[in-house]
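Grab a coffee and work through these exercises with the structure open beside you. Try each task before you read its solution.

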Amino acid sequence: MSTQAQIDALAEGLGEVASNANVLWLLVITFLMVSMQAGFALREVGTVQRKNTTDILYKYLFNGAVTAIAWWILAFGFANGNTKGGFIGVSQYGLDSNAFKFGKGNGGPFFQLYFWDWAFALTAVTVAGGALGERVKIQTALIASIAIAIWIYPIIAHWCWGQGWLSPFANQQYDFLFYGKDSNNYIDCAGSGVVHTVGGVCALVGAIALGARKGRFDSNTTLKKNSMPLVAVGTLVLWVGFYGYNVGSYGNIIGDGAGISGKIAALTTLCAAFSACTILAIQMITNDFDITVLANGLVAGLVAVGAGVEVIEMWGAMIIGIVAALVYVGASKALVHFKIDDVVDAFPVHAAAGIWGTLAVGIFGNDHNASIAGYVGSSNPSAHSHPFRTGEQFGVQLVGIICIVAWTAFWAALVFFGLKFTVGIRVPDEKEEKGDAEVSEV
């Protein structure tokens with residue numbers, strides 16, 4: 001074998017090693033992402049009344065199953081397939097493409113992408129269900145989960161992460177908002193808007209359609225939470241899982257990917273810390289110590305930093321965390337004011353903080369970091385390509401989040417209110433009073 005042939009063979013071997021390392025990395029961080037389901041479950045079981053814990057856990061079990069099937073049949077294709085007008089994917093249904101076949105020359109298989117994307121979809125479904133506990137019918141929860149997994153979420157994922165009209169990864173760079181290749185399009189690294197806002201808005205609409213639990217806003221009645229230790233432990237599990245979520249969302253550990261992943265881990269930690277400490281400071285001043293509020297404030301920071309964690313600096317993560325805590329508290333108080341019963345504060349923690357985090361990309365991000373992360377507009381040497389410096393990126397983020405909220409609210413309202421005015425969505429009063437109304441413990 002000639003020296004050149006040996007060099008070529010070595011290069012090919014190193015390329016395969018790098019590719020396999022990325023696959024392994026994606027699998028490991030997805031394991032962390034899936035572990036978040038345990039955190040969500042512990043938090044919700046700790047927050048509801050003890051009499052309803054079995055119902056809650058039952059829904060967590062079927063959420064994972066139905067989302068996996070929905071993602072395989074249609075949703076993966078809707079999110080990742082070849083685009084139709086930048087709106088929806090029209091290929092790869094049932095993972096039917098060369099990308100999922102073994103063999104030289106086809107670039108595959110990419111089964112890890114199905115697994116990874118399923119974890120994102122499942123998070124959106126789980127967040128939505130958190131607001132509905134203690135009074136929703138099992139059948140309603142099931143239909144809502146399927147609707148989110150197979151239609152509401154994957155269309156947003158296609159728009160923002162696939163080949164859709166907002167995606168920075170789309171091939172049609174000349175269509176990017178607002179100046180084609182001189183623009184980055186919508187940036188949302190870890191899904192503050194794509195995942196958390198979708199889940200949180202669905203949660204809000206569902207809570208409005210259901211109405212409050214019996215006695216929730218009755219001054220003479222107290223709905224005793226099951227276990228604060230479970231809430232605390234669940235939050236710690238979520239915190240660990242978010243390192244898979246935020247760090248893994250960059251999707252690459254080779255080359256600059258390793259350094260960027262390390263930076264994302266550091267900024268995720270810092271934002272969560274400042275958000276939690278802002279809540280702590282408020283509680284110190286008011287002398288009102290509530291572990292649920294502290295836990296939610298921490299998670300709000302983890303949610304808010306996700307969108308821009310590639311493109312911001314550490315001082316930006318600090319400010320995003322502080323504001324995320326204030327946004328969470330304000331949104332939570334607004335729900336109470338309007339007597340909207342969101343059992344786990346899914347809307348304030350995920351949607352309100354997610355919306356803030358999405359907009360914060362355009363405020364605290366910069367073109368240098370975006371260029372390193374590979375965004376085309378900030379990388380383009382053109383004199384017009386400074387989306388962050390000119391404020392254009394904020395405009396793109398604003399358009400993106402408005403469209404995400406509008407799409408999600410419309411379809412969530414159609415699902416929940418459509419069911420409410422046809423077959424009903426709430427358990428009868430006597431079952432709600434009894435607890436674990438839908439699932440037998442025997």
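**Exercise 1. Two loop residues**

Task: Work out whether Lys339 is buried or exposed, and do likewise for Asn287.

Solution: Keep in mind as you go that this is a predicted model. Start with Lys339, which has a relative accessibility of 53% and therefore counts as exposed, the cut-off being over 50%. Next, find its place: Lys339 sits in the loop between helix H9 (314–337) and H10. Then check the backbone, where phi of Lys339 is positive, about 55°, although the residue is not a glycine.

Now turn to Asn287. Its relative accessibility is 60%, so Asn287 counts as exposed. Asn287 belongs to the loop between helix H7 (256–286) and helix H8 (291–305). Its phi is near 55°, again a positive value in a residue other than glycine.

**Exercise 2. Val396 and a cis peptide**

Task: Find which residues Val396 touches, leaving out residues up to four places away in sequence, and look for the cis peptide bond that joins Leu177 and Phe178.

Solution: First place Val396, which is found in helix H13 (residues 392–420). Because its relative accessible area is 0%, Val396 is buried; the limit is under 20%. Next, list its partners: Leu177, Phe178, Asn185 and Tyr186. Two of those names come back in the cis peptide bond, which joins Leu177 and Phe178 with omega at about -5°. Phe178 itself lies in the loop between H4 and H5. For a distance check, go from Val396 to Gly85: they are 311 residues apart in sequence and 19 Å apart in space, C-alpha to C-alpha.

**Exercise 3. A threonine in H4**

Task: Decide whether Thr140 is buried or exposed, then name the residues that Thr140 touches, not counting residues up to four places away in sequence.

Solution: Thr140 is in helix H4. At 3% relative accessibility, it falls under 20% and so counts as buried. The residues that Thr140 touches are Phe416, Leu419, Gly424 and Ile425.

**Exercise 4. How H4 meets H5**

Task: Describe the way the axes of H4 and H5 cross, and sort the residues of their contact by class.

Solution: Begin with the geometry. The axes of H4 and helix H5 (residues 192–210) come within 10 Å and cross at roughly 145°, and the crossing is right-handed. Next come the residues: H4 brings Ile148, Ile152, Tyr153, Ile156, Ala157, Cys160 and Trp161, which meet Val194, Val195, Val198 and Cys202 in H5. Sorted by class, the contact has eleven nonpolar residues, no polar ones and no charged ones.

**Exercise 5. Empty space inside**

Task: How many cavities of 30 Å³ or more does a search of the whole structure find, and what lines the largest cavity?

Solution: The search finds three cavities. The largest has a volume of about 160 Å³. Of its 18 lining residues, Asn63, Val125, Gly129, Ala141 and Ser145 are the closest to the centre. The elements giving two or more residues to this lining are helix H2 (53–80), helix H3 (111–129) and helix H4 (138–161), with the largest share, five residues, coming from H2. By class, the lining of the largest cavity has eleven nonpolar, five polar and two charged residues.

Move on to the second largest cavity, with a volume of about 100 Å³. Its lining includes Phe40, Arg43, Glu44, Tyr60 and His350. Helix H1 (3–47), H3 and helix H10 (346–364) each supply at least two residues of that lining, which divides into six nonpolar, three polar and two charged residues.

Technical notes
Residues numbered from 1 in each chain as written. Predicted model: local features only at pLDDT ≥ 70, side-chain atom pairs only at ≥ 80, totals over all residues. Heavy atoms only, no water. 1 Å grid on protein atoms, 1.4 Å probe; cavity = no way out; pocket = protein on both sides within 12 Å on 5 of 7 lines; lining within 4 Å. Points joined across faces, edges and corners; volume = space filled by probe spheres on them. Helix = DSSP H or I, 4+ residues; strand = E, 2+ residues; numbered from the N terminus. Nonpolar A, V, L, I, M, F, W, Y, C, P; charged D, E, K, R; others polar. Axes fitted to C-alpha atoms, helices over the stretch in contact; angles between N-to-C directions. Left-handed = near helix turned anticlockwise from the far one by under 90°. Contact = heavy atoms within 4.5 Å. Buried < 20%, exposed > 50% of the residue type's maximum accessible area, 1.4 Å probe, protein only.
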